[in-house]
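Please open the structure in your viewer and keep the selection panel at hand. The stops below are to be taken in order.

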Amino acid sequence: MTDRPRTVRGTDGGREPGARAVDLRQRDTVLQELMDDPGCDPRVLDLTFRRFAVVNALVSGWRAVWRTHVVPALPPSGRARVLDLGCGGGDLARSLVRWAGSDGLSLEVVGVDPDDRAIAAARRSTARGVTFRQASSTDLVAAGERFDVVVSNHVLHHLDDDARAAFLSDSEQLATGRSLHSDIRRSRQAYRAYALASPLVSAGTFVRVDGLRSIRRSFTVPELQEALPAGWRAERAAPHRVLAVRDA
């Protein structure tokens, strides 16, 4: 009996190979995530933003990154302004303010995203100390804005070479202190684990297919280091994470 490769189906018919069939030896930069399609179902997209907040809380590792990479970069006064680039549904921005409050710090977080659909989703849940704007990093540079720390989550793998170079350059200009961009670290283990666990939260959304495609588009640590400009460093983080870090 022939063992045919299994596929993972998205809500709108999108498919993704099973762990045994996919080639993870190099980045697949041709794949497009379903939620990046301007014509995707807005109701499914909105639910996807909500569910990714759950996924990020479980697997993004940002609580540890907050302690090890963000807090040490904050001003000694304990009052800081942080920028979340490509904020999506806003879950990271809200988490940063919550963690800061627990640690006795005063944090203002500005979350920006050029996609009006993401900002609409982010503004659905408000939190004291968090502001969401529809804008790009280039818009903020042009406006002369500055922040103590600039962060992003799951943005780098979406960008082509030119867009990534511009994004990192903008980060350098916007941050008076540290720039910190977190993304998925591509591996077969990450792909297999996500394929097995994501059905628990993916019903009616793009969460499963887009998460697997994100892994296929993402960097290993050596790949990211090679792609970063001078002054940046790539770091391995858990679970299945890679960080791009630059200190001003």
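Select R241 first: the residue is buried (under 20% relative accessible area, 1.4 Å probe, protein chains only), yet R241 has no salt bridge. A salt bridge here requires a side-chain nitrogen of Lys or Arg within 4 Å of a carboxyl oxygen of Asp or Glu, and the nearest side chain of opposite charge, D183, lies 5.5 Å away. This is a predicted model, in which local features need pLDDT of at least 70 and side-chain atom pairs count only at pLDDT 80 or more, while totals for chains, interfaces and linings use all residues. Residues are numbered from 1 along each chain as its sequence is written, and side-chain values use heavy atoms, with hydrogens and water left out.

Next, display N153, whose side chain joins that of R241 in a polar contact of 3.0 Å; such a contact is a pair of N or O atoms within 3.5 Å, one able to donate a hydrogen and the other to accept it, and residues adjacent in sequence count only if both atoms are side-chain atoms.

Now select C40 and C87. Why do C40 and C87 form no disulfide? A disulfide is a pair of cysteine sulfur atoms within 2.5 Å, and the sulfur of C87 is 16 Å from the closest cysteine sulfur, in C40, too far for a bond. C40 is buried at 8% relative accessible area, and C87 is buried at 6%.

Finally, select residues 91–102, helix α3. Of its 12 residues, 9 are buried, including L92, L96 and W99. Just after α3, G104 takes a positive phi of about 75°.

Definitions and conventions
Buried means under 20% relative accessible area, exposed over 50%, partly exposed in between (1.4 Å probe, protein chains only). Lys and Arg count as positive and Asp and Glu as negative; His and the chain ends are not counted. Helices (H or I, at least four residues) and strands (E, at least two) are DSSP runs, numbered from the N terminus. The expected span of a helix is 1.5 Å times one less than its number of residues.
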